[in-house]
Amino acid sequence: NHDKFFFLNNVSQEDNKYFLSESDLFVSASQYDGISVSILESMAVGTPVLVSDIEPNREIIKSGFNGFLFKKDSSEDLVGIFRSYITQINNFSHIRYNARDTIERIADLDSNIDNFIHFIQSRFDIDI
C-alpha cells in the first residue's frame, strides 16, 4: 500500500531485514556520513534507496540504475524523485535487481582482496 509510512523504534536484526525487504523505498537525507550500513542493508535485500548526493553515496549509487540520488540541500529534489518513483513504481523494478547485484559485487571478498593487492602493488611498486 503506497499511502502509508511507518516509523519504527528499535527492531531486531531479523525484523529489520523483514521490514527493509517489504518496503517500497528506503530514504536517507543525511548531509554528512560515511558509507551507511543501513543503505547497504536496504540494497542487499533489494529495496531501492533514495539518498542524498554526498560523496560516499555517489560511490555506490548510480541514480536511476541501482537507487536514486537527490541534491543534498534540496528538499524539492527529494520530493520530486520520491513522487516520480511512487507514481511509476512498476517502471523501476530493475532497481531492486541492480541494488542487490551491486551489493553482491562489492561484498565479494575475493574480488576486493585482489583489487586491494593490485592497488598496493601499483601504488608502492612492490610484489605481493
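## A tour from helix α2 to the core and back out

Begin by selecting Val37, which has its place in helix α2. The model on the screen is a predicted one, and the values quoted on this tour are computed from it. Is Val37 buried or exposed? With a relative accessibility of 54%, Val37 counts as exposed, because the cut-off for that class is over 50%. If you now add Ser23 to the selection, you will find it 14 residues from Val37 in sequence and 17 Å away in space, C-alpha to C-alpha.

**The whole chain**

Before going further into α2, zoom out until the whole protein is in view. The protein holds 6 helices and 3 strands, and, read from the N terminus, its elements follow the order α-β-α-β-α-β-α-α-α. Along the principal axes, the C-alpha atoms fill a box of roughly 55 × 35 × 30 Å. Of the 128 residues in the protein, 29% are buried; among the contacts with a separation of 6 or more, 44% are made by residues 24 or more positions apart.

**The buried side of α2**

Return to α2 and select Ile39, Ser42 and Met43, which are buried. Because these residues cover an arc of only 95° around the axis, they lie on the same side of α2. An α-helix has 3.6 residues a turn, so residues three or four places apart point the same way. To see what covers the buried residues of α2, show the surrounding elements, which include α1 (13-22), β1, β2, α3 (55-60) and α5. Following the chain out of α2 brings you to Gly46, whose phi is positive, near 85°.

**Across to α5**

Next, show α2 together with α5, and look along the contact between them. The two helices pack at an angle of about 115°, and their axes are 7 Å apart. On the α2 side, select Leu40, Met43 and Ala44; on the α5 side, they meet Ala99, Arg100, Thr102, Ile103 and Ile106. Sorted by class, this contact between α2 and α5 has 6 nonpolar, 1 polar and 1 charged residues.

Stay in helix α5 and center the view on Ala99. Ala99 counts as buried, because its relative accessibility is 0%. Leaving aside residues up to four places away in sequence, Ala99 touches Met43 and Asn66. Gly46, which you met just after α2, is 53 residues from Ala99 in sequence, yet the two lie 5.7 Å apart in space, C-alpha to C-alpha.

**The sheet**

Now select the strands. The 3 strands form an open sheet with the order β1-β2-β3, and the pairing is parallel. Which strands are at the edges? They are β1 (26-28) and β3 (68-70), each of which pairs on one side only. From one strand to the next, the twist averages 15°. Between β2 and β3, which run parallel, there are 3 bridges; to look at residues in this pairing, select Leu50 and its bridge partner in β3, Phe68.

Ser52 is a useful next stop in strand β2, which spans residues 49-52. Ser52 is buried, because its relative accessible area is 0%. Beyond residues up to four places away in sequence, Ser52 touches Ser28, Ala29, Ser30, Gln31, Asn57, Leu69, Phe70 and Lys72.

**Two nonpolar cores**

In soluble globular proteins, nonpolar side chains tend to be buried together. Here, the largest nonpolar core has 11 residues, and you can select it as Leu20, Phe26, Ile39, Met43, Val49, Val51, Ile60, Ile61, Leu69, Ala99 and Ile103. At least two residues of this core come from each of α2 (37-44), β2 and α5 (93-106). Apart from this core lies another, of 10 residues, including Leu50, Phe68, Phe70 and Leu78.

Center on Val51, a member of the largest core. Apart from residues up to four places away in sequence, Val51 touches Ser28, Ile39, Asn57, Ile61, Phe68, Leu69 and Phe70.

**A last stop in α4**

Finish the tour at Gly80, in helix α4 (residues 75-87). Gly80 counts as partly exposed, because its relative accessibility is 39%. From Gly80, Tyr97 is 17 residues away in sequence and 23 Å away in space, C-alpha to C-alpha.

Definitions and conventions
Residues are numbered from 1 along each chain as its sequence is written. This is a predicted model: local features need pLDDT of at least 70, side-chain atom pairs count only at pLDDT 80 or more; totals for chains, interfaces and linings use all residues. Side-chain values use heavy atoms; hydrogens and water are left out. Helices (H or I, at least four residues) and strands (E, at least two) are DSSP runs, numbered from the N terminus. Buried means under 20% relative accessible area, exposed over 50%, partly exposed in between (1.4 Å probe, protein chains only). Contact means heavy atoms within 4.5 Å. A nonpolar core is a set of buried Ala, Val, Leu, Ile, Met, Phe, Trp, Tyr and Cys residues joined through side-chain atoms within 4.5 Å. Axes are lines fitted to C-alpha atoms, for helices over the stretch in contact, and angles run from 0 to 180 degrees between N-to-C directions. Ala, Val, Leu, Ile, Met, Phe, Trp, Tyr, Cys and Pro count as nonpolar, Asp, Glu, Lys and Arg as charged, and the others, Gly among them, as polar. Two strands pair if DSSP finds at least two bridges between them. The arc is that of the directions from the helix axis to the C-beta atoms.
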